[in-house]
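Please load the model in your viewer and keep the sequence panel open beside it. The stops below are meant to be followed in order, each beginning with something to select.

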Amino acid sequence: QAQLVESGGGLVQAGGSLRLSCTASGSFVTYAMGWFRQAPGKERMFVAAISWTDGNTFYADSAKGRFTISRDNAKNTVTLQMSSLKPEDTAVYYCASAGGVVSESPRDYNYWGQGTQVTVSS
């Protein structure tokens with residue numbers, strides 16, 4: 001089985017920072033890992049992704065310049081450093097693993113974590 005576990009969510013004031021982590025375990029192929037978020041009543045949206053082979057990174061427009069995704073292949077861990085947080089960043093954040101492609105679409109990801117809540121107050 002595959003298991004992804006997120007951590008690091010919480011409540012912060014606007015302009016603050018949070019660092020999310022996701023650790024994967026089990027027997028499965030990881031080509032890329034990504035972060036998605038979903039606010040109440042909204043669709044699950046792409047945030048960032050990183051290739052597990054060459055480390056190339058990709059960001060949603062809303063994340064560029066504020067969020068940084070990184071990886072540790074040996075530890076099977078991906079992190080999302082978030083700064084200059086805004087109330088509109090409030091959502092449940094999910095990490096996910098893709099087996100064959102770096103993608104912005106949730107349907108291209110095989111395994112998902114349970115999510116961690118990020119709340120940004122005004």
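## Starting at a strand pair

Begin by selecting β7 together with strand β8 (residues 77-82), which pair in the antiparallel sense over six bridges. Bear in mind from the outset that this is a predicted model. To see how the two strands are in register, pick out Ile69 and then look across into β8, where its bridge partner is Leu80. Between these strands runs a loop, and Asn76 is the residue to select there. Asn76 has a phi near 50°, which is a positive value in a residue other than glycine, and with a relative accessible area of 35% Asn76 is partly exposed.

Moving past β8, select Ser84, which is found in the loop between β8 and β9. Ser84 also has a positive phi, of about 50°, although it is not a glycine, and at 38% relative accessibility Ser84 counts as partly exposed.

## Widening to the sheet

Now extend the selection to the open sheet of four strands, whose order is β1-β3-β8-β7 and whose pairing is antiparallel. Which strands form the edges of the sheet? They are β1 (2-7) and β7 (67-72), each of which pairs on one side only. If you draw axes through the strands of this sheet, neighbouring ones are turned by 15° against each other on average, with direction ignored.

On the edge strand β1, select Gln3, which has its place there and which counts as partly exposed at 46% relative accessibility. Adding Phe28 to the selection shows a pair that is 25 residues apart in sequence, with a C-alpha to C-alpha distance of 9.5 Å in space.

## Strand β4 and its partners

Select β4 next, and show the surface of the surrounding residues. Six of the seven residues of β4 are buried, so this strand is largely enclosed by the rest of the structure. Two partners can be followed from here, and the pairing with β5 is antiparallel, with six bridges joining the strands. Within that pairing, Trp35 stands opposite Ala48 in β5. The hairpin of β4 and β5 has six residues between the strands, and in this hairpin Gly41 takes a positive phi near 75°.

The other partner to select is β9, which pairs with β4 in the antiparallel sense over seven bridges. Here the residue to pick is Phe36, whose bridge partner in β9 is Tyr94.

## Charged side chains

With side chains displayed, turn to the salt bridges, of which the structure holds four. Select Arg37 and Asp89, whose side chains meet in a salt bridge at 2.9 Å, N to O. This pair links distant parts of the chain, since Arg37 is in strand β4 and Asp89 is in the loop between β8 and β9 (91-98), 52 residues apart. Is each of these two residues buried or exposed? Arg37 counts as buried because its relative accessibility is 13%, below the 20% limit for that class, and Asp89 is buried as well, with a relative accessible area of 0%. Add Arg66 to the selection, and you have a network of salt bridges that links Arg37, Arg66 and Asp89.

For a contrasting setting, select Asp61 and Lys64, which form a salt bridge in which the closest N and O atoms are 3.2 Å apart. Asp61 is exposed, with a relative accessible area of 66%. Then go to Arg107 and Asp108, whose side chains meet in a salt bridge at 3.8 Å, N to O. Of these two, Arg107 counts as exposed at 72% relative accessibility, whereas Asp108 is partly exposed, with a relative accessible area of 25%.

## Last stop: the largest pocket

Finally, display the largest pocket, in which about 180 Å³ of space lies. It is lined by 13 residues, and the closest to its centre are Arg37, Ala39, Lys42, Met45 and Glu88; Arg37 will be familiar from the salt bridge with Asp89. The elements that give two or more residues to the lining are β4 (32-38) and β5 (45-51). If you colour the lining by residue class, you will find six nonpolar, three polar and four charged residues.

Definitions and conventions
Residues are numbered from 1 along each chain as its sequence is written. This is a predicted model: local features need pLDDT of at least 70, side-chain atom pairs count only at pLDDT 80 or more; totals for chains, interfaces and linings use all residues. Side-chain values use heavy atoms; hydrogens and water are left out. On a 1 Å grid over the protein atoms alone, a cavity is a set of points where a 1.4 Å probe fits but cannot get out, and a pocket is an open set with protein on both sides within 12 Å along at least five of seven lines; lining residues have an atom within 4 Å of a point. Grid points are joined across faces, edges and corners, and a volume is the space filled by probe spheres set on the points. Ala, Val, Leu, Ile, Met, Phe, Trp, Tyr, Cys and Pro count as nonpolar, Asp, Glu, Lys and Arg as charged, and the others, Gly among them, as polar. Two strands pair if DSSP finds at least two bridges between them. Axes are lines fitted to C-alpha atoms, for helices over the stretch in contact, and angles run from 0 to 180 degrees between N-to-C directions. Buried means under 20% relative accessible area, exposed over 50%, partly exposed in between (1.4 Å probe, protein chains only).
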